[in-house]
Amino acid sequence: MIRIKSVDAQNILDVCELTTNQDRIGTTMEGHPCCNAISIAEAKYYPEMHPNAIYNNNVLIGFFMYQRTENQADIATICRFMVDDRFQQKGLGKKAFEYVLRGLKIQGVKKVILMIDGANKIAKKLCLSFGFQFTGKIDHDEYYYELEL
């Protein structure tokens, strides 16, 4: 069962140790997104950023962070989404992503924006399977997709 929990004092170190690298060595630049520690640090200075841990049956499997501002509370931008290398190719990423989208909808979000690295074909396939549409915008090799909830 997927569960989402805010990054806090109890799980921050474990979240920072998650990696998409098959060699299990975390770096500041992961296979596609930057490491979770940088994302968490970014959230410290930008209150509209919300870092979260993803659990499956009480086991930490991933991380995601979204941006949501007070003046546009019906729009959320998923800035980071990752599943640790140990849990990839088991269908957990798709389950977790579905859970994240459902949670955002419950919070009143009507539109989700997602940026995907141009080389990340797995992320592109995942977002398209949920109905995201390419907006035509590309910024620093990040492709922008949108989904109306």
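**Group meeting: a mixed sheet and its aromatic pairs**

Okay, let me start with one residue, F134: its relative accessibility is 40%, so it counts as partly exposed. Keep F134 in mind, I'll come back to it. And just so everyone knows, this is a predicted model.

Let's do the sheet. There are 7 strands, and they make an open sheet with mixed pairing. Reading across, the order goes β1-β2-β3-β4-β5-β7-β6. The edges are β1, residues 2–6, and β6, residues 133–139; each has a single partner strand, so one side of each has no neighbour in the sheet. On average, neighbouring strands here are turned by 30° against each other, if you ignore direction.

Now, the β6 edge. Its link to β7, residues 142–148, is antiparallel and made of 4 bridges. If you want to find one of them on screen, look at Q133: its bridge partner in β7 is E146.

On to the helices. Helix α4, that's 121–129, packs on the sheet and touches β4, β5 and β7. Its direction makes about 160° with that of β5, which is residues 111–117. Then there's helix α2, residues 36–45, lying across β2, β3 and β4. That one runs at about 45° to β3.

Right, aromatics. How many aromatic pairs does the structure hold? It's 6. I'll show you two.

Take F97 and F132: a tilted pair, 5.9 Å centre to centre, with 45° between the planes. What I like here is that the pair links distant parts of the chain, since F97 is in helix α3, residues 92–106, while F132 is in the loop between α4 and β6, 35 residues apart. Are these two buried or exposed? Both F97 and F132 are buried.

And here's F134 again, as promised. F134 pairs with Y143, also tilted, at 5.7 Å between centres and 40° between planes. Y143 has a relative accessible area of 27%, so Y143 is partly exposed, and you'll remember that F134 is partly exposed as well, at 40%.

Back to F97 and F132 for a second: together with F81 and F130, they form one aromatic cluster.

Last thing, charges over rings. The charged end of K137 sits over the ring of Y144, 4.3 Å from the ring centre. There's another one with R3, whose charged end is over the Y55 ring, 4.7 Å from its centre.

That's what I had. Happy to rotate the model if anyone wants to look.

Note on methods
Residues are numbered from 1 along each chain as its sequence is written. This is a predicted model: local features need pLDDT of at least 70, side-chain atom pairs count only at pLDDT 80 or more; totals for chains, interfaces and linings use all residues. Side-chain values use heavy atoms; hydrogens and water are left out. Two strands pair if DSSP finds at least two bridges between them. Helices (H or I, at least four residues) and strands (E, at least two) are DSSP runs, numbered from the N terminus. Axes are lines fitted to C-alpha atoms, for helices over the stretch in contact, and angles run from 0 to 180 degrees between N-to-C directions. Contact means heavy atoms within 4.5 Å. Rings of Phe, Tyr and Trp (its six-membered ring) pair if their centres lie within 6.5 Å; planes under 30 degrees apart count as stacked, over 60 as edge-to-face and the rest as tilted. Buried means under 20% relative accessible area, exposed over 50%, partly exposed in between (1.4 Å probe, protein chains only). A charge sits over a ring if NZ of Lys or CZ of Arg is within 6 Å of the ring centre and within 35 degrees of the ring normal.
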